[in-house]
Amino acid sequence: MFTSNSQDDRDLVGRARRGDREAFTQLIVQYQVPLYNMALRMVGRPDDAADIAQEAFLRAWEKIRTLREAPFKSWLFQIAANLCYDHFRRGRRYGAMPDEETSNVIGLGIATPDPQEQAEASERNRLVRESIQALEHDMRIAIVLRDVNGMAYDEIASVLRVPLGTVKSRIARARAQVQERLQQYPDFFLREDAHAE
Amino acid sequence: MPSEPRVPTEPSLEELSAFIDSELDEAAQARVAEHVAGCRDCQARLDGLRQTAHAIRGLPMESPPRPFTIPAQRRQSWRWAPAGWIGSAAVALLLVAVGIQNLHLPSGPAATSRSTSTVSGGLAQGAGAQKGAVAPLAAPAPASNDQYSYGSASRAAANVATAVDPTNSSRRLVLDTDSTSYVANGKMQVTVQLIGSPSTSLNSGDQGLTLTLVRNGVGVALKPVGVESWNGTPIFGGRYDLASLPLSSPRDGAYRLEATWVVPDGSGRVLQASVPVTITS
Ligand SMILES: [Zn+2]
């Protein structure tokens with residue numbers, strides 16, 4: 001059985017259905033980071049991702065009275081997933097490389113015990129983001145929900161409204177393609193390879 | 001029963017991938033495990049997929065660039081909306097002022113405009129300036145705030161603070177330093193324990209952990225370094241050379257060290273703990 005509404009969510013959803021904006025605000029607080037990151041990994045640009053998350057919350061707020069048994073989280077992510085597909089359909093910036101290196105850089109310089117390690121991590125993350133961006137949409141969303149959002153397969157199936165077997169195969173193919181791309185960078189898996197043989 | 005082949009059938013890509021996620025049924029999970037144990041090729045295939053999944057999971061959770069809002073009234077169907085309605089709704093936008101600034105990537109610079117006991121401040125103002133018409137609300141009621149953000153109320157003699165997950169009391173974020181006061185060129189030893197983390201990773205990005213030294217609303221990010229996993233609890237820490245931090249002058253004064261943990265289970269739940277730190281000249 002896929003993740004059901006936590007008691008927490010159920011209370012908040014019940015109150016939000018009765019028009020309690022404060023309750024819905026708590027749902028936003030709870031889901032804004034995962035939802036935004038899902039959209040970010042799908043569309044690449046922070047501004048577009050924030051637009052999608054904002055619109056998803058707005059639609060969820062408007063439609064929450066129509067939500068019956070389904071868990072709020074799956075339903076919310078389903079709305080956002082549809083918005084991601086709308087975004088692709090409109091063709092806006094489709095295929096554009098993510099522009100997030102500069103996102104969320106607030107405040108002063110960074111202090112770190114190991115700047116070198118940090119630079120490497122940032123380069124690795126860039127390659128990973130690009131490899132995800134290169135995936136076809138259906139595969140991309142499956143792997144994002146799994147490996148970014150940590151959803152179980154049946155939860156992903158309910159968000160995407162596809163059979164479990166489809167989820168399984170999309171995630172597998174997506175991983176294989178990301179792996180293939182990352183392996184083009186000889187250093188990428190180096191650290192892990194060191195103990196493979 | 002005819003005798004089974006010594007090595008069961010080669011697992012498919014799908015099976016290996018689902019195996020990583022423990023999403024096969026029990027029998028299949030066992031069959032793949034057994035095969036992989038005796039097959040170097042499949043061990044290598046599995047490692048590749050696992051490293052790939054791990055690389056994606058290692059992407060830092062980023063914080064949204066702006067707060068998300070809902071209108072004071074539900075948007076009706078557009079047909080019903082009077083011409084001026086959208087504008088007035090925008091004025092009445094409800095600002096969800098939460099302290100998301102310091103939730104962003106652990107490798108990035110961070111500033112924060114608050115201590116753990118209050119929410120809002122910079123965010124609300126920033127958004128107000130940006131949108132013009134937005135009324136900076138009403139930080140969320142203390143009750144909802146407390147639910148996600150805990151201060152250092154439980155601090156005892158040592159410089160330690162604990163935040164407990166309200167939905168899972170066995171999950172706790174424990175932050176401590178080896179002193180409350182340091183000389184400006186001293187070294188501050190920090191330990192962060194992620195008790196009950198769904199992940200055993202010692203990568204702070206995987207764990208969604210950030211560490212920030214804050215004074216007067218300005219923060220400096222410290223990179224939490226994975227130290228060890230003790231009884232399954234990931235422990236982060238570091239000895240930070242205070243002289244090397246880009247603190248604004250005068251460097252001496254009262255700071256707070258804040259640890260923020262976006263629990264890496266996709267729920268977006270945030271635990272936060274902070275301790276006071278004084279730097280003397
Ligand atoms: Zn094999």
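**Figure 1. Helix α4 of chain A in the predicted model.** Helix α4 covers residues 72–90 of chain A, 19 residues in total. From its first C-alpha to its last it reaches 27 Å. That is close to the 27 Å expected at 1.5 Å a residue. The helix is mostly covered, with 15 of its 19 residues buried. Two of its aromatic residues, A:Phe72 and A:Trp75, sit three residues apart, about one turn of the helix. Residues three or four places apart in an α-helix point the same way, because there are 3.6 residues a turn. Both A:Phe72 and A:Trp75 are buried.

**Figure 2. An aromatic cluster in chain A.** Ring pairs join A:Phe24, A:Tyr31, A:Trp61, A:Phe72 and A:Trp75 into a cluster. Over all chains, the structure holds seven aromatic pairs. One of them is formed by A:Phe24 and A:Trp61. Their rings are 5.2 Å apart, centre to centre, with 55° between the planes, and the pair is tilted. This pair links distant parts of the chain. A:Phe24 belongs to helix α2 and A:Trp61 to helix α3 (residues 46–63) of chain A, 37 residues apart. A:Phe24 and A:Trp61 are both buried. A:Phe72 and A:Trp75 also pair. Their ring centres are 5.9 Å apart and their planes stand at 55°, so this pair is tilted as well.

**Figure 3. The largest nonpolar core and a second core apart from it.** The largest nonpolar core has 83 residues. Within it, A:Phe24, A:Met38, A:Phe72 and A:Leu145 touch the most other members. Helix α2 (residues 21–43) of chain A gives the most to this core, 13 residues. Apart from this core lies another, of 29 residues. B:Leu194, B:Tyr240, B:Leu242 and B:Ala259 are among the members of that other core.

**Figure 4. The surroundings of A:Met38.** Leaving aside neighbours within four places in sequence, A:Met38 is in contact with A:Phe77, A:Ala80, A:Ala81 and A:Cys84. A:Val144, A:Leu145 and A:Asn149 are also among its contacts. A:Met38 and A:Leu145 are both named among the core residues that touch the most other members.

**Figure 5. Chain A as a whole.** Chain A has nine helices and zero strands. Of its 197 residues, 56% count as buried. Take the contacts in chain A between residues at least 6 apart in sequence: 67% of them join residues at least 24 apart. The accessible surface of the chain comes to about 8,700 Å². Carbon and sulfur atoms account for 48% of that surface.

**Figure 6. The zinc site in chain B.** The protein donors of the zinc ion come from B:Glu10, B:His35, B:Cys39 and B:Cys42. B:Glu10 is listed with two OE donors, B:His35 with NE2, and B:Cys39 and B:Cys42 each with SG. These donors lie 2.0 to 2.8 Å from the ion. Along the chain they follow the spacing E-x24-H-x3-C-x2-C. B:Glu10 lies in the segment before α1 and B:His35 in helix α2 of chain B, so the pair ties together parts that are 25 residues apart in sequence. B:His35 counts as buried, at 2% relative accessibility.

**Figure 7. Helix α3 of chain B.** Helix α3 (residues 40–57) of chain B has 18 residues. Its first and last C-alpha are 25 Å apart, close to the 26 Å expected at 1.5 Å a residue. Its buried residues include B:Cys42, B:Leu46, B:Gly48 and B:Leu49. Also buried are B:Gln51, B:Thr52, B:Ala53, B:Ala55 and B:Ile56. B:Cys42 is also one of the zinc donors.

**Figure 8. A:Asn125 in contact with chain B.** A:Asn125 is part of helix α5 (residues 115–133) of chain A. Beyond its neighbours within four places in sequence, A:Asn125 is in contact with B:Gly58, B:Leu59 and B:Pro60. A:Asn125 has a relative accessible area of 13% and is buried.

**Figure 9. Backbone details in three loops.** A:Arg161 has a positive phi of about 55° although it is not a glycine. A:Arg161 is found between α7 (153–160) and α8 (164–182) of chain A. At 59% relative accessibility, A:Arg161 counts as exposed. B:Ser22, not a glycine either, has a positive phi of about 50°. Its loop runs between α1 (13–20) and α2 (26–37) of chain B. B:Ser22 is exposed, at 54%. The peptide bond from B:Ser249 to B:Pro250 is cis, with omega near -5°. B:Pro250 lies in the loop between β10 (233–241) and β11 (253–262) of chain B.

Note on methods
Residues numbered from 1 in each chain as written. Chains lettered and ligands numbered in written order. Predicted model: local features only at pLDDT ≥ 70, side-chain atom pairs only at ≥ 80, totals over all residues. Heavy atoms only, no water. Helix = DSSP H or I, 4+ residues; strand = E, 2+ residues; numbered from the N terminus. Expected span 1.5 Å × (residues − 1). Buried < 20%, exposed > 50% of the residue type's maximum accessible area, 1.4 Å probe, protein only. Contact = heavy atoms within 4.5 Å. Donors = N, O, S within 2.8 Å, 3.2 Å for Na, K, Ca; no water. Core = buried A, V, L, I, M, F, W, Y, C linked by side-chain atoms within 4.5 Å. Areas by Shrake-Rupley, 256 points an atom, 1.4 Å probe, with all protein chains shown as cover. Phe/Tyr/Trp six-rings, centres within 6.5 Å; stacked < 30°, edge-to-face > 60°.
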